[in-house]
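Work through the two exercises below with the sequence and the 3D view open, and try each task before reading its solution.

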Amino acid sequence: MATTQTLDLKLNADEVTAFLDAAFPPATRSLLGEVQSLALNHLRMRLDPDPSMRRPGDIVSGPAIMALVDVAAYGVIAAHHGPEAMAVTHSLSITFLRACRFEPIIADAQILKLGRRLASVDVRIWQRTPERLIAQSTVGYSLP
């Protein structure tokens, strides 16, 4: 882990959940995953796919996975930076490694760098076992 400052948690898992619930419209919040656990430099979210996310071949759509990635990055940053609703994504690069089955999806987000104005987060998407990744993403955020 490379950071420009010492990491410490400013929010607990329940506070991150409340922050996400307030930041996103209630109608879409359930489509963005739920916080499963939070530890120093790590947030885990789970998404149970909605029928609207289904694609031919009984797989989950790429945009649904990208939304989970973005929200997981947003959540881990909020947990360590504080509840700043105006933090915005400035970059998101994702590599899809295999099809995502229509079953629960896990996102593990870890801060690569947390500075005063920019943050970088690694997010890994998996199902069943973390050793068999579905996707890997690097997300950049501009902080207020």
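**Exercise 1.** In this predicted model, find which residues have the most contacts inside the largest nonpolar core, and establish which elements supply that core.

*Solution.* Begin with the core itself, which has 43 residues, and in which Leu20, Met45, Val60, Val121, Val123, Ile125 and Tyr141 are the residues with the most contacts. Next, turn to the elements: α1 (13–23), β1 (34–39), β2 (42–47), α3 (62–81), β6, β7 and β8 each supply at least two residues of this core, and the largest share, 12 residues, comes from α3. Finally, take Met45 as an example and look beyond its neighbours up to four places away in sequence; among the residues that Met45 touches are Leu20, Leu32, Val35, Leu68, Val71, Ala72 and Ile106.

**Exercise 2.** Trace how strand β7 pairs with β6 and with β8, and describe the hairpins that result.

*Solution.* Start with β6 (residues 105–114) and β7 (residues 118–126), which pair in the antiparallel sense over eight bridges. Within this pairing Asp108 stands opposite Arg124 in β7, and the two strands form a hairpin with three residues between them. Then follow the chain onward to β8 (residues 133–142), which runs antiparallel to β7 and is joined to it by nine bridges. Here Ala119 stands opposite Tyr141 in β8, a tyrosine that is also listed among the core residues with the most contacts. To finish, examine the hairpin of β7 and β8, where six residues lie between the strands and Arg128 in the turn has a positive phi of about 70 degrees.

Technical notes
Residues are numbered from 1 along each chain as its sequence is written. This is a predicted model: local features need pLDDT of at least 70, side-chain atom pairs count only at pLDDT 80 or more; totals for chains, interfaces and linings use all residues. Side-chain values use heavy atoms; hydrogens and water are left out. Two strands pair if DSSP finds at least two bridges between them. Helices (H or I, at least four residues) and strands (E, at least two) are DSSP runs, numbered from the N terminus. A nonpolar core is a set of buried Ala, Val, Leu, Ile, Met, Phe, Trp, Tyr and Cys residues joined through side-chain atoms within 4.5 Å. Buried means under 20% relative accessible area, exposed over 50%, partly exposed in between (1.4 Å probe, protein chains only). Contact means heavy atoms within 4.5 Å.
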